[in-house]
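Hello,

Here is the structure you will be taking over. My notes on it follow below the display.

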Amino acid sequence: MARPRLLLCPQFTEVEWTIAPQLSEWADVATFDAPGVGDEPMPEGDPSALDREMVVQRALRDVENRGWDSYFVVGDAWGTATAVRVAVARPEPVLGIALGHASLDYQRDGRRPAVNKEVTAAMTQLLRSDYDSFVRYGMTQFTQGAFDEKTSERIVARFPPMEVASRVWEANVDQEEPIGELLEQLNVPMLLSKHEGCLVFTAEGYEDAIRAFPDARRTSVTRASSASEEFAAALRDFCESVLREA
């Protein structure tokens, strides 16, 4: 059986994917920083120009440079919209898609919101009022301790100046994304993951996702998927079964 190839789409930085070394034991793994994060240049040097499409194009350049003609696309939390847009932009090589904190959108209002409005509003306020605390402590609390101190320090080192970080945050959090509508355009196997007890993404959002795609594989994890050994195991089983059945 061919060795799977995984494109891991981050929210902000590749450092979030702490399970990448574990995944690389059985798969070829590619991931990246968003434009303006770490050593990644800001397009045209203008933070206001940053949007998710630029992150999608950055992801596509990565797989092109590697010469991959087939791969799985993986996203977690606000990286799910990037993952789905990557798959829709170039569906031919995509063998399957796996989404942590799976939801159909990032709606924060209405009867069944997918995202906790109060928590995201508090994080946005912290970013604007105390950027250092946002980077050093807020992100760790936001992910419910998914990142240890060493990983948090690496994320801090990657984060850009506040102006750029604010734009990256807004491009992720403040944009409504039609994830479900985009997924309907894909004819590939799916793995949808729920983070039990998540403070940000709601149980209702996940329930709506699995209701919309009843044939998708499902898994439930106790940590953010990008840092979850449970998700890594489910992802391996998903990819290997897809390849066996191909």
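To begin with helix H9, its buried residues are covered by parts that include strand E5 (190–195) and strand E6 (217–221). H9 itself spans residues 203–212, and the residues buried in it are Gly-205, Tyr-206, Asp-208, Ala-209 and Ile-210. Please keep in mind that this is a predicted model.

Next, the aromatic rings. The count comes to five aromatic pairs. One of them is formed by Phe-72 and Phe-238, which meet edge-to-face at 6.0 Å centre to centre, with 65 degrees between the planes. Phe-72 belongs to strand E3 (residues 71–76) and Phe-238 to helix H10 (residues 229–245), so this pair ties together parts that are 166 residues apart in sequence. Both Phe-72 and Phe-238 are buried.

Trp-78 and Tyr-106 form another aromatic pair, also edge-to-face, with 6.0 Å between the centres and 65 degrees between the planes. Here both partners sit in loops: Trp-78 in the one between E3 and helix H3 (79–89), Tyr-106 in the one between strand E4 (94–100) and helix H4 (117–129). The pair therefore ties together parts that are 28 residues apart in sequence.

Are these two loop residues buried or exposed? Buried means under 20% relative accessible area. Trp-78 has 1% relative accessibility, so Trp-78 counts as buried. Tyr-106 is at 3% and therefore counts as buried too.

Finally, Trp-78 and Tyr-106 are joined by Phe-201: ring pairs link these three residues into a cluster.

Regards

Terms used: Residues are numbered from 1 along each chain as its sequence is written. This is a predicted model: local features need pLDDT of at least 70, side-chain atom pairs count only at pLDDT 80 or more; totals for chains, interfaces and linings use all residues. Side-chain values use heavy atoms; hydrogens and water are left out. Rings of Phe, Tyr and Trp (its six-membered ring) pair if their centres lie within 6.5 Å; planes under 30 degrees apart count as stacked, over 60 as edge-to-face and the rest as tilted. Helices (H or I, at least four residues) and strands (E, at least two) are DSSP runs, numbered from the N terminus. Buried means under 20% relative accessible area, exposed over 50%, partly exposed in between (1.4 Å probe, protein chains only). Contact means heavy atoms within 4.5 Å.
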